[in-house]
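Here is a friendly walk through one protein model. Have a look at the sequence and the 3D picture first, then read on.

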Amino acid sequence: MQADLNALKQDLTRRMDGAIETLRREFAGLRTGRASPALLEPVRVEAYGSEMPLPQVGTIGVPEPRMITVQVWDRTLVGAVERAIRDAGLGLNPASDGQLVRVPIPQLTTERRNDLVKTAHKYAEGAKVAVRGVRRDGMDQIKGFEKKHEISEDDMSRWSDEVQRLTDAYVKRIDDALADKEKDIRQV
């Protein structure tokens with residue numbers, strides 16, 4: 001039965017890691033006033049009759065702290081790349097220079113910083129909900145083992161405590177990541 005606990009714990013850890021990874025990707029898309037290629041990675045460009053991720057139509061670069069560039073591979077897509085960046089809701093205004101699209105990163109206003117912090121909190125809460133959902137699934141599995149008399153009540157209690165410790169550790173990681181991101185956003 002110890003093997004079942006280890007398998008359960010590995011499965012829960014893998015799923016909670018997935019929630020943390022999703023949060024990390026969402027945080028990477030939040031603007032902090034510094035240029036980052038991750039800011040444009042989620043942008044989708046209308047190209048060749050379908051929507052494609054921006055990294056599939058050009059190379060994203062950061063030549064200086066307040067500038068992102070996109071070297072578009074196909075000259076005919078420059079206008080579509082500009083439009084996609086402008087319409088992505090990031091508050092950015094790209095300008096093309098041949099096949100190079102320059103995206104200056106404007107200074108964040110206090111109001112915009114507060115909005116970004118709220119968004120970061122929303123993302124973090126979503127990650128916590130996902131982690132708690134994983135915990136609930138784990139607890140349900142443990143209760144199922146106990147109902148089938150595969151484990152004793154003492155084992156059920158011990159396993160439940162272990163799942164709760166795992167959940168608490170992941171919630172703390174989420175809180176730490178949120179604190180770091182909030183500090184990053186508020187930094188002028």
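What follows covers a pair of helices, a sheet and a few single residues.

First, some ground rules. This is a predicted model, so local features need pLDDT of at least 70 and side-chain atom pairs count only at pLDDT 80 or more, while totals for chains, interfaces and linings use all residues. Residues are numbered from 1 along each chain as its sequence is written, and side-chain values use heavy atoms, with hydrogens and water left out.

**Two helices side by side**

Helices (H or I, at least four residues) and strands (E, at least two) are DSSP runs, numbered from the N terminus. Let's begin with α3 and α4. Two packed helices are described by the angle between their axes and the distance between the axes. The axes of α3 and α4 come within 10 Å and cross at roughly 170 degrees. Axes here are lines fitted to C-alpha atoms, for helices over the stretch in contact, and angles run from 0 to 180 degrees between N-to-C directions. That makes α3 and α4 roughly antiparallel to each other (angles under 35 degrees count as roughly parallel, over 145 as roughly antiparallel, 65 to 115 as roughly perpendicular and the rest as oblique).

Who takes part in this contact? By class, there are 17 nonpolar, 5 polar and 10 charged residues where α3 meets α4. Nonpolar covers Ala, Val, Leu, Ile, Met, Phe, Trp, Tyr, Cys and Pro; charged covers Asp, Glu, Lys and Arg; the others, Gly among them, are polar.

You can also check the lengths of these helices, using an expected span of 1.5 Å times one less than the number of residues.

| Helix | Residues in helix | Expected span | End C-alpha distance |
|---|---|---|---|
| α3 | 38 residues | 56 Å | 55 Å |
| α4 | 34 residues | 50 Å | 49 Å |

For α3 the two values agree, and for α4 they agree as well. After α3 comes His149, with a positive phi near 60 degrees.

Now zoom in on α4. Its buried residues include Trp159, Val163, Leu166, Tyr170 and Ile174. Buried means under 20% relative accessible area, exposed means over 50%, and partly exposed lies in between (1.4 Å probe, protein chains only). Ser160, also in helix α4, counts as buried because its relative accessibility is 17%. Leaving aside neighbours within four places in sequence, Ser160 is in contact (heavy atoms within 4.5 Å) with Met139 and Ile142.

**A sheet of four strands**

Next comes an open sheet of 4 strands in the order β3-β4-β6-β5, with antiparallel pairing. Its edge strands are β3 (58–64) and β5 (95–97), each pairing on one side only. From one strand to the next, the twist averages 30 degrees. Helix α2 (residues 78–87) packs on this sheet and touches β4, β5 and β6; the direction of α2 makes about 15 degrees with that of β6.

Two strands pair if DSSP finds at least two bridges between them. How many bridges join β4 and β6? There are 5, in the antiparallel sense, and Gln71 has Leu100 in β6 as its bridge partner. β5 and β6 also pair in the antiparallel sense, over 3 bridges. Leu100 is the bridge partner of Asp97 too, and Ser96 stands opposite Val101 in β6. The hairpin of β5 and β6 has 2 residues between the strands, and Gly98 there takes a positive phi near 75 degrees.

Finally, look at Met67 in strand β4. With a relative accessible area of 15%, Met67 is buried. Neighbours within four places in sequence aside, Met67 is in contact with several residues, among them Ala35, Val62 and Val103.
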